[in-house]
Amino acid sequence: MLPTRPPKTKPRGRQPEHALTNAFVRNVGRAGRYCDGHGLYLDVRPTGSRSWVQRLAIRGRRRELGLGGFPLVSLKEAREIAFANRKLARSGGDPLAEKRRASGMPTFAEAAERVWNDLRPGWRNPRHAHNWKSSLTRFAFPHIGRMPVCDVTSADVIDTLRRIWHEHPTTARRVRHRIRAVLEWAVAMELRNDNPCDRIGPALGPQNDIVTHRQALPHRDVAAALAAVRASDAAPLVKLALEFLALTAVRSGDVRGALWAEIDSADRVWTIPATRIKMKREHRVPLCGRAIEILDAARALGDGNPLVFPTPRGKQFTGMALSGLLKRLEIAAVPHGFRSSFRDWVAEETDHPREVAEAALAHLVRNPVEAAYARSDLFERRRRLMNDWAAYIANTTSEQSTDAEPEPAQQGVGPRHPDPR
């Protein structure tokens, strides 16, 4: 019958030094752990196999490191490895982390690279992919990038985020979300057992940042802003794109990426596919008469390019092309702000239902029960709404003009009148 192993207890009294001999290591038969000194033990199993084990305090935590089996690792080699580990741990390093790194354990930066590559195909906006990676490179990698992903603790994450938590609250929240995504990947890959980001909120404390909305014009000033845009010396297609954006109340990226294949001029419909829209759901946009005129002008300038509003080089405009024009003209708004102007006009100046306005903005119904029954996109009612919006802008322009008498609105286009189509 094989002998039982004694408990793994630390020898009492002063720790021995070089207590074992080569002869003892070769010939010992009784199972147990035999201390050589300074945390190095010979672990003899009941089967007769021998291996080296070292006990160390690494960053305040008691750990055990396997140093290899005898005779592959001799007594002299085990002492040399143990001494190097003790020296590294005393200087604040982590011998266990170095061992894991050598065995293929990815660092946090390497894990983030893998997560980024996995997530990137699902992002429609290349700028988001760039920001996702660059924020970690700037704010997280200098502190935890070289650490094995399995060793990142809550204290490490808190120490990383506290530097920007109050100075740059929005960025800090995004970095926290992205660190959490990397560590959640590590949990899924069974590289660690928990996600330390789940319990850091109370330690970081509340953020006292003030929520600011994007600049938007009062709806009564939209017409004057568009008149200033038309009178500017900007590129013709940029001016057309900005007016088209205001008339359709869609997002800037949807206009800049608009394709002729999506436009049905005969039925006055612009169908934005789900792959290009934020809500990942096809969105039909009714086009008013002025929007059709803009498209005709853009077609004449586009020289056969599949994009409705291409750059002179045939590429898609950047967001700065539109926002930069507004800034240069000292118009206190951003392109996205025209959606807010439109929404305020619907609420303050019309009797159109809220549901129609929200559908025009391609907003999702938040209530899941209500969304399950709201199957219609209210297209014909939205067509009347967008015609009223175009008429409001045109009438406001006429009222602000000092060179001519206001012209009457076209039949069927003014506010609260149905579209004759």
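**Figure 1. Glutamate 330, an exposed residue in a loop of the predicted model.** With a relative accessibility of 73%, glutamate 330 counts as exposed, because the cut-off for that word lies at over 50% relative accessible area. Glutamate 330 belongs to the loop that lies between helix 14 (319-328) and helix 15 (337-349). Its backbone deserves a careful look as well, for glutamate 330 has a positive phi of about 60 degrees although it is not a glycine. Most residues other than glycine have a negative phi. As in every view that follows, the coordinates come from a predicted model.

**Figure 2. Arginine 268 and the open sheet of strands 5, 6 and 7.** In this sheet of 3 strands the order is 5-6-7, and the pairing is antiparallel. Strand 5 (263-264) and strand 7 (283-286) are the edge strands, each of which pairs on one side only. Between strand 5 and strand 6 (residues 269-272) there are 2 bridges, and the two strands pair in the antiparallel sense; within this pair, aspartate 264 stands opposite valine 269 of strand 6. The loop between strand 5 and strand 6 contains arginine 268, whose phi is near 55 degrees, a positive value in a residue other than glycine. How large is the relative accessible area of arginine 268? The value is 26%, and arginine 268 is therefore described as partly exposed, since that class lies between the limits of 20% and 50%.

**Figure 3. The open sheet of strands 1 to 4.** Four strands form this sheet in the order 1-2-3-4, and their pairing is antiparallel. Strand 1 (32-37) and strand 4 (61-70) stand at the edges with a single partner strand each, so that one side of each has no neighbour in the sheet. On average, neighbouring strands of this sheet are turned by 30 degrees against each other when direction is ignored. Is strand 1 mostly covered or mostly uncovered? Strand 1 is mostly covered, as 6 of its 6 residues are buried.

**Figure 4. Two strand pairs within the sheet of strands 1 to 4.** Strand 1 pairs with strand 2 in the antiparallel sense over 5 bridges, and tyrosine 34 stands opposite leucine 42 in strand 2. The hairpin of strand 1 and strand 2 has 2 residues between the strands, and in this hairpin histidine 38 takes a positive phi near 55 degrees. Strand 3 (residues 50-58) and strand 4 run antiparallel and are joined by 9 bridges. Which residue of strand 4 is the bridge partner of tryptophan 52? The partner is glycine 68.

**Figure 5. Helix 2 and the loop that comes before it.** Helix 2 (residues 75-90) packs on the sheet of strands 1 to 4, where it touches strand 1, strand 2 (40-44), strand 3 and strand 4, and the direction of helix 2 makes about 15 degrees with that of strand 3. In the loop between strand 4 and helix 2 the reader can find proline 71. The peptide bond that joins phenylalanine 70 and proline 71 is cis, with an omega of about 10 degrees. Most peptide bonds are trans.

**Figure 6. The contact of helix 7 with helix 8.** The axes of helix 7 (residues 154-161) and helix 8 (residues 169-188) come within 10 Å and cross at roughly 155 degrees. This angle makes helix 7 roughly antiparallel to helix 8, because angles over 145 degrees are counted in that way. The crossing of helix 7 past helix 8 is right-handed. Val157, Thr160 and Leu161 of helix 7 make the contact with Ala172, Val175, Arg176, Ile179 and Leu183 of helix 8. By class, the residues of this contact divide into 6 nonpolar, 1 polar and 1 charged.

**Figure 7. The contact of helix 10 with helix 11.** Helix 10 (residues 222-231) and helix 11 (residues 236-248) have axes that come within 9 Å and cross at roughly 165 degrees, which makes helix 10 roughly antiparallel to helix 11. Helix 10 passes helix 11 in a left-handed crossing. On the side of helix 10 the contact is made by Leu226, Val229 and Arg230, and on the side of helix 11 by Lys239, Leu242, Glu243 and Ala246. The residues of this contact include 4 nonpolar and 3 charged ones, with no polar residue.

How values were computed:
Residues are numbered from 1 along each chain as its sequence is written. This is a predicted model: local features need pLDDT of at least 70, side-chain atom pairs count only at pLDDT 80 or more; totals for chains, interfaces and linings use all residues. Side-chain values use heavy atoms; hydrogens and water are left out. Axes are lines fitted to C-alpha atoms, for helices over the stretch in contact, and angles run from 0 to 180 degrees between N-to-C directions. Angles under 35 degrees count as roughly parallel, over 145 as roughly antiparallel, 65 to 115 as roughly perpendicular and the rest as oblique. A crossing is left-handed if the near helix is turned anticlockwise from the far one by less than a right angle, and right-handed if clockwise. Contact means heavy atoms within 4.5 Å. Ala, Val, Leu, Ile, Met, Phe, Trp, Tyr, Cys and Pro count as nonpolar, Asp, Glu, Lys and Arg as charged, and the others, Gly among them, as polar. Two strands pair if DSSP finds at least two bridges between them. Buried means under 20% relative accessible area, exposed over 50%, partly exposed in between (1.4 Å probe, protein chains only).
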